[in-house]
Amino acid sequence: MAIRLTPLQYADKYRRLEVYLYTEEQAQAAVGDGLPPGGEWTTVQVHSYRINLHQAYHSTLTSLEAFKNVVRPHLDAQDESITVWVKTVQGQVVGKTYRSRKDLAENVNDPFYGKGSPEEVQIVLQLAVRYGLFPRGQIQTYCDNGNIGLDCNGFVGCYLRHVVEGMPWDTDAHTPQEVRTQFDANISIRALLDFNHRTQAVNSVIDVVQSPGSPFLLLMSDEKGRVLDHFTDSDGNTSYGHVMISEPGSAHIAHNPRIPKLGLKERAMRLKVVESAGSKGLSDSYYYVLPGNDHNAFHAYRGLTDSLIWVRLAKVL
């Protein structure tokens with residue numbers, strides 16, 4: 001049985017992503033399931049924040065179209081195929097063959113929209129070098145320039161789907177039934193508070209401390225406990241939500257926490273939190289969470305930004 005990765009370990013699969021690089025000639029020399037001879041593994045940091053809101057949409061399309069323009073010619077003719085090789089987050093090297101543009105798009109689109117698994121990101125970087133979008137020496141620059149990356153529920157959703165649920169790395173939820181019952185990188189933040197008996201809202205920090213084996217979701221909310229999301233609310237205002245996930249076993253009650261913005265509190269829950277955040281990218285930091293109010297909203301000090309936010313808490317079952 002595969003050992004389940006923690007959120008922090010999963011984040012490190014992006015931040016220390018191993019990608020196998022090779023030329024088209026080397027790809028054609030591959031035999032069976034073996035890697036192309038003469039290629040090499042390189043480690044890349046993929047940590048940029050990438051979200052497909054209106055202000056970023058043009059940039060996303062430009063990056064994705066440039067990538068597809070160098071790949072499409074290799075799937076033009078009948079019976080053409082493209083084989084790629086990835087290292088799964090569990091460390092197994094596997095090959096995958098695509099025989100149509102549609103099948104390939106299933107995996108290469110996601111990283112440009114902030115929704116890609118580590119394996120899907122490998123495919124994009126591997127093919128970009130293979131077909132000459134940029135030299136292999138510029139692979140880190142390509143990542144740092146924000147061509148690919150993750151948004152908040154892209155990271156959390158991928159972790160929940162591919163690690164917690166154990167769904168294959170190259171699948172997404174598509175049908176209405178799948179969307180309602182399966183975790184996915186495109187799931188709405190509000191839906192994560194109580195999702196298909198897989199998450200459960202909690203109303204006490206003690207519930208977190210007493211469940212050291214479980215990750216917990218922190219969902220940005222208002223003081224009345226209403227989870228924020230990327231939706232237009234009934235009053236016509238647009239709210240921008242955020243979701244984070246805690247590292248199992250990291251929560252404990254901190255006595256006399258010396259956090260000026262929290263005020264003079266006798267104690268708060270301290271826990272390690274992993275998130276993909278605007279301007280910060282894929283990061284981890286310590287949060288201090290105060291007991292919830294009558295609406296089950298928790299005031300939290302967010303170490304990543306040295307700020308106070310309101311959150312709801314949900315246990316991943």
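Here is a short chat about salt bridges and a surface patch in this predicted model.

Visitor: Let's start with a count. How many salt bridges does the structure hold?

Guide: A pair counts here when a side-chain nitrogen of Lys or Arg sits within 4 Å of a carboxyl oxygen of Asp or Glu. Going through the structure that way, the number of salt bridges is 15.

Visitor: Take R198 and E165. How many residues apart in sequence are the parts that this pair ties together?

Guide: R198 and E165 form a salt bridge, with 3.2 Å between the closest N and O atoms. R198 is in the loop between helix 8 (176–181) and strand 5 (199–202), while E165 is in the loop between helix 7 (152–164) and helix 8, so the bridge ties together parts whose separation in sequence is 33 residues.

Visitor: And is R198 buried, partly exposed or exposed?

Guide: Buried means under 20% relative accessible area and exposed means over 50%, with partly exposed in between. R198 has 24% relative accessibility, so R198 counts as partly exposed.

Visitor: Which residue forms a salt bridge with D306?

Guide: The closest N and O atoms of this pair are 3.5 Å apart, and the partner of D306 is K261. The two link distant parts of the chain, 45 residues apart: D306 is in the loop between strand 13 (298–302) and strand 14 (307–316), and K261 is in the loop between strand 10 (252–255) and strand 11 (267–277). D306 is partly exposed at 38% relative accessible area. At 44%, partly exposed is also the label for the partner asked about, K261.

Visitor: What about K272 and D284: which strands do they lie in?

Guide: They form a salt bridge, and their closest N and O atoms are 3.2 Å apart. The pair ties together parts twelve residues apart in sequence, because K272 lies in strand 11 and D284 in strand 12 (residues 281–289).

Visitor: Is K272 buried or exposed?

Guide: The cut-off for buried is under 20% relative accessible area. Its partner D284 has 27% and counts as partly exposed. K272 has 15%, so K272 counts as buried.

Visitor: Which residues join K272 and D284 in one network?

Guide: Some salt bridges share partners, and that sharing links K272 and D284 into one network with D12, R15 and R16.

Visitor: Now the surface. How much accessible area does the nonpolar patch of L35, W41 and V93 have together?

Guide: V93, one of its members, lies in strand 4 (residues 93–98). V93 is partly exposed, at 36% relative accessibility. Taken together, L35, W41 and V93 have an accessible area of about 210 Å².

Terms used
Residues are numbered from 1 along each chain as its sequence is written. This is a predicted model: local features need pLDDT of at least 70, side-chain atom pairs count only at pLDDT 80 or more; totals for chains, interfaces and linings use all residues. Side-chain values use heavy atoms; hydrogens and water are left out. Helices (H or I, at least four residues) and strands (E, at least two) are DSSP runs, numbered from the N terminus. Buried means under 20% relative accessible area, exposed over 50%, partly exposed in between (1.4 Å probe, protein chains only). Patches are made of residues with over 30% relative accessible area and no salt bridge: like charges are joined within 9 Å, nonpolar side chains (Val, Leu, Ile, Met, Phe, Trp, Tyr) within 5 Å. Accessible areas come from the Shrake-Rupley method with a 1.4 Å probe; for residues, only the protein chains shown count as cover.
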